[in-house]
Amino acid sequence: MRALCRARRLILPTHPTERTHMTKILHIQASPRGVDSKSNEIARARIDTLRQHDPGLDVDTVDLWREPLPEFDGNSAAAKLTFFGVGDLGLKLYIDILTQPGLLFGFDPAKGYFGLLNGKKATVVYSSGVFAPGVSPDYGVDFQSSYLDWWLRFIGVADIQTIRYQPSLLSQDPVKGLNDAINAARKLAAA
Ligand SMILES: Cc1cc2nc3c(=O)[nH]c(=O)nc-3n(C[C@H](O)[C@H](O)[C@H](O)COP(=O)(O)O)c2cc1C
């Protein structure tokens, strides 16, 4: 339950006017590979660079493979109005649990769904061994980023930055690919 409470605290706006300076980050680690994870390494480069610009940065890291998630009981499931079909197991479960009406989204009969987050930004790091943007569908299809983009917009996060380390395995030069992604992460943080 701790992970959910912390996410609530960090995701939900606490000071609606305080939008110019980011002081809190919810860092969601979706890779199961711990210290070997390249996407974690890229995300850390971004956070470290942000911290250089803002030493008071408050970072709360949720490791979806090492922290207990709250139970997803029948009542929660019945209250949900979202659709799930793709994505990483731990991350998908986390999104399922968080995406509750009144918590992350609302509904207006005249206008439809609307997100409840305001003034939040998201950076998503994607890493895959084989898939890369532009490859033949024989090498994988990217439902992952379209799903996460949809979810973030659905809950009201329109400012989305994307960093890709793809492919990480089927690559002539995986080291360059990783360094390029880390540099992109640092550059975004410094912008
Ligand atoms: C169990 C397992 C399954 C994987 N399946 C795929 C896959 O279907 N397609 C793909 O492109 N890469 C696949 N990979 C490779 C990872 O996506 C790739 O190594 C990625 O860079 C891992 O990200 P990370 O370093 O942040 O954990 C798989 C890796 C593991 C360990």
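**Close-up views of a predicted model**

**View 1. The hairpin of strands 3 and 4.** Three residues form the hairpin connection that leads from strand 3 to strand 4. The model shown here and in the other views is predicted. Strand 3 covers residues 105–108, and strand 4 covers residues 112–115. The two strands run antiparallel. Four bridges join them. Among the residues to locate is F105, which stands opposite G115 of strand 4.

**View 2. The packing of helix 2 on helix 6.** Helix 2 spans residues 38–53, and helix 6 spans residues 174–190. Their axes lie 8 Å apart. The angle between the two helices is about 30°. Angles under 35 degrees count as roughly parallel, so helix 2 and helix 6 are roughly parallel to each other. The crossing of helix 2 past helix 6 is right-handed.

**View 3. The residues between helix 2 and helix 6.** On the helix 2 side, the contact is made by K38, E41, I42, A43, A45, R46, T49, L50 and H53. Helix 6 meets them with L178, A181, I182, A185, R186, L188, A189 and A190. By class, the residues of this contact are eleven nonpolar, two polar and four charged.

**View 4. The shell around the ligand.** The ligand has 14 residues around it. S31, S39, G129, V130 and S168 come nearest. Which helix gives the largest share of the shell? Helix 2 does, with three residues. Helix 2 is also the helix that packs with helix 6 in View 2. Sorted by class, the shell holds nine polar, three nonpolar and two charged residues.

**View 5. The cis peptide bond at P167.** The bond in this view links Q166 to P167. This peptide bond is cis. Its omega is near 0°. P167 sits in the loop between strand 6 and helix 6. Strand 6 covers 159–165. Helix 6, on the other side of the loop, is the partner of helix 2 in the contact of View 3.

Key. Residues are numbered from 1 along each chain as its sequence is written. This is a predicted model: local features need pLDDT of at least 70, side-chain atom pairs count only at pLDDT 80 or more; totals for chains, interfaces and linings use all residues. Axes are lines fitted to C-alpha atoms, for helices over the stretch in contact, and angles run from 0 to 180 degrees between N-to-C directions. Angles under 35 degrees count as roughly parallel, over 145 as roughly antiparallel, 65 to 115 as roughly perpendicular and the rest as oblique. A crossing is left-handed if the near helix is turned anticlockwise from the far one by less than a right angle, and right-handed if clockwise. Two residues are in contact if their C-beta atoms, placed from the backbone, lie within 7 Å. Ala, Val, Leu, Ile, Met, Phe, Trp, Tyr, Cys and Pro count as nonpolar, Asp, Glu, Lys and Arg as charged, and the others, Gly among them, as polar. A residue is near a molecule or strand if its C-beta atom, placed from the backbone, lies within 6 Å of it. Two strands pair if DSSP finds at least two bridges between them.
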